[in-house]
Amino acid sequence: MKYLKHDDPQIAVLISQEAERIENTIDLVASETHMPQSILEEMGSVLNHKTIEGYPGKRYHAGCEHVDIIENLAIDRMKELFGAEHANVQPHTGSSANFAVYFSVLDIGDKVLAMELSHGGHLTHGHFASMTSKAFNFEHYEVNLETELIDYEALAKKAEEFKPKMIVAGASSYPRVIDYERFSQIAKSVDAYFFVDMAHIAGLVAAKLIPSPVDYADFISFTTFKTMMGGRGGVILCKKEYANAVDKAVFPGTQGTTAVSNIAGKATIAKLAQEENFIEVQAKTIASAKLLAKALAEKGYRLVGGGTDTHQVVVDVTSKDLSGSQAEKTLESIGIITNRNYIPKDTGRKASGLRLGTGPISVRGMEGDTIVKLANILDNALINYENQEILSELKKNVLGICKEFPVYK
């Protein structure tokens, strides 16, 4: 960072401090990862100079001979990786990808049926705080409060009553696999489009470790910075018949020029996702999530949905007389980074859950006994959240694990 140190030493110091924070804390945030250094190089490269509007071969600016090849590589690799008929790699992130999907085939005010936020959905699935709720008429399905799993019979009944033009599957805090075939049948029964937001699980799907929605969904969106292990950005996959509508909805419909550096990162992670190391990390991610869930359940924590099939472990911390916020802050104080989360029983603004993700720690090589050790540290911290002496000792233990498993060697 020799140039940055000269031009803006304050920012240079903050970047160095952030790099230090990443190395010296354990990231259990389900929506984060540690990307390869090759992608960090791309995202800080000369590709950031280029302005692109339009698509390869049909740009509104000259000088695109190299960036056109980069975007076509990203498109072709994503299609091959997921077995999709069409891919758009320009969305800035998952939220902008979702907006583009909606506007590709829906009109303002059309009905959409999606998952309730506190039951596992996402803000862009029609939550009142999101602009999606102002543009479209959303209703929400919920999980069964006893099992905390999707009730497909209740979903089918709600779809029949509401008659949506689109049904959305996929979640930000639902740790179980989703029956895409059943969703597709329900969507067809009411003549609705079927859209899957697989932002969280794209890496697991790419590695072919959990079911893929590609054969069943009309549209799929995902991000490349969660389990996909890549840089920032979103991707839309769709059936060929919707390709033109999706492309127009992305540009010029919902966004203008996009970052070529991000597109290059998407191309690279789609290449790496077909290699052995990526698949091994994804397998460890699932195995470690199951092990973490088992270890916490044995310590008396209630697991939302009864366990996990993915990278997520969603824990009800009220069983330890804590709120999600208290749990999050306590763990951050010892160097374990998580996030509080609403769970199905929550009705107010206070989150009772803690969402944990094993993606970042799997990239670092943590598995097996280390996961059990982490569960013990996590539990000890939450039990003794007011005991600074114990918390200080636990922080040293966390730092020791970090030194053993560096992010960037």
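**Exercise 1. Find which residues of strand S9 are buried on each of its two faces.**

Step 1. Start with the faces: Phe219, Ser221 and Thr223 lie on one side of S9, Ile220 and Phe222 lie on the other, and all are buried. Buried here means under 20% relative accessible area, with exposed over 50% and partly exposed in between (1.4 Å probe, protein chains only). Strands (E, at least two residues) and helices (H or I, at least four) are DSSP runs, numbered from the N terminus.

Step 2. Keep the source in mind: this is a predicted model, in which local features need pLDDT of at least 70 and side-chain atom pairs count only at pLDDT 80 or more, while totals for chains, interfaces and linings use all residues. Residues are numbered from 1 along each chain as its sequence is written, and side-chain values use heavy atoms, leaving out hydrogens and water.

Step 3. Now the tally: five of the five residues of S9 are buried, so the strand is largely enclosed by the rest of the structure.

**Exercise 2. Place S9 in its sheet and describe its pairing with S8 and S10.**

Step 1. Lay out the order: seven strands make an open sheet, S4-S10-S9-S8-S7-S5-S6, with mixed pairing. Two strands pair if DSSP finds at least two bridges between them.

Step 2. Look to the edges, where strand S4 (86-88) and strand S6 (137-141) each have a single partner strand, so one side of each is left without a neighbour in the sheet.

Step 3. Go to S8 (residues 193-197), which runs parallel to S9 (residues 219-223) and is joined to it by three bridges. Phe195 has Phe219 as its bridge partner in S9, and Asp197 stands opposite Ser221.

Step 4. Then turn to S10: its pairing with S9 is antiparallel, over five bridges. Phe222 has Val235 of S10 as its bridge partner.

Step 5. Finish with a helix: H5 (residues 94-105) lies across S6, S7 (166-169), S8, S9 and S10, at about 165 degrees to S9. Contact means heavy atoms within 4.5 Å. Axes are lines fitted to C-alpha atoms, for helices over the stretch in contact, and angles run from 0 to 180 degrees between N-to-C directions.

**Exercise 3. Work out which strands helix H12 touches in the four-stranded sheet.**

Step 1. Set out the sheet: it is open, has the order S11-S12-S15-S14, and pairs antiparallel.

Step 2. Check one pair: two bridges join S11 to S12 (residues 312-316), and Arg302 stands opposite Asp316 in S12.

Step 3. Add the helix: H12 packs on this sheet, touching S11, S12 and S15 (353-357), and its direction makes about 15 degrees with that of S12.

Step 4. Pick a residue of H12 (residues 276-298), Asn277. Asn277 is exposed, at 51% relative accessible area.

**Exercise 4. Describe how helices H13 and H15 cross.**

Step 1. Begin with the geometry: the axes of H13 (residues 324-333) and H15 (residues 369-383) come within 9 Å and cross at roughly 115 degrees.

Step 2. Identify the residues: Ala327, Thr330 and Leu331 of H13 make the contact with Leu378, Ala381 and Leu382 of H15.

Step 3. Sort them: five are nonpolar, one is polar and none is charged. Nonpolar covers Ala, Val, Leu, Ile, Met, Phe, Trp, Tyr, Cys and Pro; charged covers Asp, Glu, Lys and Arg; the others, Gly among them, are polar.

Step 4. Compare with burial: the buried residues of H15 include Leu378, Ala381 and Leu382.
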